[in-house]
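Student: I have a new structure to look at and would like to learn how to read it. Could you walk me through it?

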Amino acid sequence: MKPATKKVSLARALSKLGVVSRNQARGWIEAGRVSVNGRSLKNPEVRVDPDRESIRVDGRIIRAKTPVYLMMHKPKGVMTTRSDERGRKTVYDLLERTDWIFPVGRLDRGTSGLLLLTNDTQWGNRIVAPESKIPRLYHAKLNRPIATEDLLRLSKGVDLDDHVKTRPAQARLLRLTEKGCWIELTLMEGKNRQVRRMCESVGYRVENLIRVRIGDLGLGDLPAGATRPLTPVEVRSLGRKQAEISRSRTVPASLRQTRSSGRFRERS
Ligand code: URA
């Protein structure tokens, strides 16, 4: 018996092969740059089997790329984009490679810390999917000492400026500084500028922000600006299905999802 074919849309096939993002692939296909088994196809939704059919871009055969999984210590002042119209430094300027890889989620220009990069779109999408609930741990320096009730408000969930409520998080004071303090925030989601907006919503300005951990993966002593490949164990630990992640030991017990309620338990 023949094994079943795994047909996906042509745009998805190109992203699965690690060539471009699905959106970019659509543009290439509609521009007539892509052929399948020798025929030019302009419909990004046409179903193909990337393992069995010959897909070419600009006449060049596309083969599945070796998957690449990297961790970068993004320094402050660097953009998480491919190119910047104002010519500012991007994470790609720090990478000594020219093959296509993309950042898994993003960090603001003013944020430093752990950034993942890959050419494996499925793995990357699984990590950023809202339902993945992989904990992201941040250290934030605030402009003034934080009140205990504000830590509690952050951990219960706050209304952001667009009236979206954040999920329960874990928030604790790390230490006081001369004028402010450092807090640790563990989030189970990744909304745009979430840490800064959460802190603003309870009346504090974030003066410095570092992402120190994603799931099991810590920044360790990787110097700012440096990149290292993930080990196979690290790749698997982040690529696990949601059910396994929510049982993982690195999910703080206070944030673990309970099966019955589907909600997060808060710290007592
Ligand atoms: N939250 C923010 O406010 N900024 C980031 O870069 C990441 C999380």
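Tutor: We will start at the ligand and then follow some of the strands. Keep in mind that this is a predicted model.

Student: Which residues are around the ligand?

Tutor: The idea is to look for residues with a heavy atom within 4 Å of the ligand. Here they are Leu107, Asp108, Thr111, Tyr138, Arg193, Gln194, Val195, Arg196 and Leu209. Sorted by class, four of these shell residues are nonpolar, two are polar and three are charged.

Student: Which helix gives the most to that shell?

Tutor: That is helix α6, residues 194–201, which supplies three residues.

Student: How do I spot polar contacts to the ligand?

Tutor: Look for pairs of N or O atoms within 3.5 Å. An oxygen atom of the ligand lies 3.2 Å from a backbone N or O atom of arginine 193. A polar backbone atom of glutamine 194 is 3.4 Å from a nitrogen atom of the ligand. For valine 195, a polar backbone atom is 3.1 Å from a ligand nitrogen. As for cover, the ligand on its own has 240 Å² of accessible area, and the protein covers 96% of that.

Student: Where does the ligand sit?

Tutor: The ligand sits in the largest pocket.

Student: Now the strands. Which strands pair with β13?

Tutor: To read pairing, ask how many bridges join two strands and in which sense they run. Strand β9 (residues 111–118) runs parallel to β13 (residues 206–214), with three bridges joining them. Strand β10 (residues 136–142) pairs with β13 over seven bridges, in the antiparallel sense. Strand β14 (residues 217–218) is also joined to β13, by two bridges, and these two run antiparallel.

Student: Which residues stand opposite each other there?

Tutor: Threonine 111 has leucine 209 in β13 as its bridge partner, and both of these residues are also among those around the ligand. Leucine 137 faces arginine 213 in β13. Isoleucine 214 is partnered by leucine 217 in β14.

Student: What happens between β13 and β14 in their hairpin?

Tutor: Two residues lie between the strands, and glycine 215 takes a positive phi near 55° in this hairpin.

Student: What is the order of strands in the open sheet of four?

Tutor: Reading across the sheet, the order is β3-β2-β5-β6, and the pairing is antiparallel. The edge strands are β3 (39–40) and β6 (60–61), each of which pairs on one side only. Take one pair as an example: β2 (residues 34–36) and β3 are antiparallel and share two bridges. Within that pair, valine 36 is opposite arginine 39 in β3.

Technical notes. Residues numbered from 1 in each chain as written. Predicted model: local features only at pLDDT ≥ 70, side-chain atom pairs only at ≥ 80, totals over all residues. Heavy atoms only, no water. Polar contact = N/O pair within 3.5 Å; in protein donor to acceptor, adjacent residues only side chain to side chain. Areas by Shrake-Rupley, 256 points an atom, 1.4 Å probe, with all protein chains shown as cover. 1 Å grid on protein atoms, 1.4 Å probe; cavity = no way out; pocket = protein on both sides within 12 Å on 5 of 7 lines; lining within 4 Å. Sits in = over half its atoms within 2 Å of the grid points. Nonpolar A, V, L, I, M, F, W, Y, C, P; charged D, E, K, R; others polar. Pairing = 2+ DSSP bridges.
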